[in-house]
Amino acid sequence: MAKQPMLKFVKVERDMPTKRSAGDRKLDFAEIYAEFADAKAKEQASRCSQCGVPYCQSHCPLHNNIPDWLRLTAEGRLQEAYDVSQATNTFPEICGRICPQDRLCEGNCVIEQSGHGTVTIGSVEKYVTDTAWEEGWVQPITPSQERSESVGIIGAGPGGLAAADVLRRAGVQVTVYDRYDRSGGLLTYGIPGFKLEKDVVMRRNEQLEKGGVTFKLNCNVGEDITFEEIRAAHDAVIIATGVYKSRDLQLPNNTATGIERAIDYLTVSNKLSFGDSVAEFDSGQFDASGKRVVVIGGGDTAMDCVRTAIRQGATSVKCLYRRDRANMPGSQREVQNAEEEGVVFEWLSAPKGFTEEGGKVTGVMVQKMRLGAPDATGRQAPEVIEGADYVEDADIVIKALGFEPEDLPTLWSQPELAVTRWGTVKAAFTTGATDLPGVYAVGDIVRGASLVVWAIRDGRDCATAILEQMSGAAAVAAQ
Ligand SMILES: Cc1cc2nc3c(=O)[nH]c(=O)nc-3n(C[C@H](O)[C@H](O)[C@H](O)COP(=O)(O)OP(=O)(O)OC[C@H]3O[C@@H](n4cnc5c(N)ncnc54)[C@H](O)[C@@H]3O)c2cc1C
Ligand code: SF4
C-alpha cells in the first residue's frame, strides 16, 4: 500500500515561499513572494490533516475542495490537483495570490487552531495553477456547441469575467463592455503588481478573448452607449461595474493641489507598469519620487498606496489611521510588508485639515485620538485628545477612505433599477437577479467594496442561474 503522505503538520513546520528582501523589492513592482519549489509545495501540502469537516473549505467563498487538491499535490499528482482546483474557481492563481487567506481558508485551518500553523493553502493554490499554465494544462475555452442566446456584461472585473467564462463555456454569445482600455477591472488598474503581476491577469483576458468572448473596451455605458441599447441587444444583461466613488473628507483646504484620490494614484501607477506613457505622472502629479507622502486610511487600498509610493522613491511615507493597529481594517500581513519596506504608521491619528502655500498642500493637520467606548457596532469609537494636534509635513497627500457605488439609476436613466440605501444594486442572493426583467448584478456593485473571491463567486452563480433560465425557456419553447 502506498505510504500515506499527509498529516505531516507535527513534523513539518509551516513555511511560506521565499519573500524577497525589502531592499530588493522596493526597487520594482514585481511580486514579493517567489514560487514554491516543487518539493516545498508537496511538503507544505502534506501538512494538511484531511479533516472530516474541512473548515477551510466552508470558509472559502467558493467552497474550494481544498483537502483534495492538497492531497493530490502532496502525492505529486499536480494535473489532477489543478483539475479539482479549477472546477470551483475561475481564477485560482489570482485568489492564491491576493485572497486575505488569514480571514478565510487559512484562518480556519484546523491545525492552525491546534497551534501548529496553518497549511499555506493560498501559496499551494497559486503554485498548482501557475504550474498548469506552464505545462499547458489550462485548456482553451471551446464550447461543444454554439447557442443563439447572448448576454451583455457591463464591467470586465473579476465578477463580470467569471460570469463570462461560465457562459461562454456553455456556448452563449458573450459581449463584455468596459470603460477602461484593458479588461480586468481592479485586478488590472487597482491592485499593484507587487501583489498581482499584470501578465497573470492579461493571460486570463487573452484566454477569454480567444475563447470567443467579445470585448468592447473604452466603452463607458451611460456615455458611449445607453443601458437600453445594451438591454435591447442581448437576452440578458449583467451589471458588474464595481464601486468607484471615493469617500471624501470635507476639511479645510481639501482642494489644495497635491491632495489626490487613491484610485487615481493607483490607476496611474498600474498604467505605467504596462509601459504606458501617462501625462499625469510625467507632470509630477502622481509621481512620489523625492517627495514626502502621507496616506490617509487603514484599509488595503491605503496599504497599496504607501507601498507604491515607496517604490516610486518617496523620501518618506507615512500612513495616518484614526484607530490602532489591532483595529485597522487592512490585512496585518500587508502592514508588516509595508513596515519592512520603510512605511511609518501613525496610529490613532486623524486628519483635521490641510496646510497649504500658494494653493499647494504642505501638510496634514493631525489630531491625536484615543479609543473610547464601543459604538453600536461593538467597535471602539475614536475620540479626540484635546491639545495634541500637530502638522505632518507632506508634498503629496493620498486619501484612501473607501469607495461607494456610483448612482447607476440616475447615470443610466433607469429609475426602476432598485438600489439599497447605500446605493448598491438590489439583487437576489445566489442568482443576482434585479428587479428589472433579464437584468442581473454581481460583485462589488451588489456587496459594496468587497473581495475578488466574492466577485468570482457571484459571477459564477449568476451565470449558472442565467443558463438554467435559458434551458427552462428553451424547454418551454420546445413543448
Ligand atoms: C486598491 C485596491 C486593492 C484591493 N486589493 C484586494 C486584494 O488584495 N484582495 C481582494 O480580494 N480584493 C482586493 N480589492 C477588492 C477587489 O479588487 C474588488 O472587490 C473586486 O475587484 C470587485 O470585482 P468587480 O468585478 O465587482 O468590480 P471591479 O473589479 O471594480 O470591476 C468593475 C469594472 O466595471 C467597469 N465599469 C464601471 N462602470 C462602468 C460603466 N459605466 N461602463 C463600462 N464599464 C464600467 C470598470 O471600468 C471596471 O473594469 C482591492 C480593491 C482596491 C481598490
Ligand atoms: S479562493 Fe481564496 S479563500 Fe478560497 S482557498 Fe483559495 S485562497 Fe483560500
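Two strands are taken to pair if DSSP finds at least two bridges between them. In this predicted model, strand 10 (residues 349–357) and strand 11 (residues 360–374) satisfy that criterion, being joined by eight bridges and running antiparallel. Within this pairing, Ser 349 lies opposite Lys 368 of strand 11. The hairpin formed by strand 10 and strand 11 has two residues between the strands, and Gly 358 adopts a positive phi near 60° there.

Strand 11 has further partners. One of them is strand 12 (residues 380–384), which runs antiparallel to strand 11 and is joined to it by four bridges. Arg 370 faces Glu 383 of strand 12. Strand 11 and strand 12 also form a hairpin, with five residues between the strands, in which Gly 378 takes a positive phi near 90°. Another partner is strand 13 (residues 390–393), paired with strand 11 in the antiparallel sense over four bridges. Here Gly 363 has Asp 393 as its bridge partner in strand 13. Strand 11 thus pairs with strand 10, with strand 12 and with strand 13.

The cysteines may be considered next. A disulfide requires a pair of cysteine sulfur atoms within 2.5 Å, and by this rule the model contains zero disulfides. Why does Cys 305 form no bond with Cys 319? The sulfur of Cys 319 is the closest cysteine sulfur to that of Cys 305, but because the two are 9.1 Å apart, they are too far from each other for a bond. As for solvent exposure, the cut-off for a buried residue is under 20% relative accessible area. Cys 305 counts as buried because its relative accessibility is 0%. Cys 99, at 12% relative accessibility, is likewise counted as buried.

The final feature is a pocket. Rolling a probe the size of a water molecule over the atoms shows where empty space is left. The second largest pocket has a volume of about 260 Å³. Its lining comprises 13 residues, and those nearest the centre of the pocket are Arg 14, Met 16, Asp 102, Glu 106 and Arg 333. Which element supplies the largest share of the lining of this second largest pocket? That element is helix 16 (residues 332–340), with three residues. What is the chemical character of the residues that line the second largest pocket? Six are charged, five are polar and two are nonpolar.

How values were computed. Residues numbered from 1 in each chain as written. Chains lettered and ligands numbered in written order. Predicted model: local features only at pLDDT ≥ 70, side-chain atom pairs only at ≥ 80, totals over all residues. Heavy atoms only, no water. 1 Å grid on protein atoms, 1.4 Å probe; cavity = no way out; pocket = protein on both sides within 12 Å on 5 of 7 lines; lining within 4 Å. Points joined across faces, edges and corners; volume = space filled by probe spheres on them. Nonpolar A, V, L, I, M, F, W, Y, C, P; charged D, E, K, R; others polar. Buried < 20%, exposed > 50% of the residue type's maximum accessible area, 1.4 Å probe, protein only.
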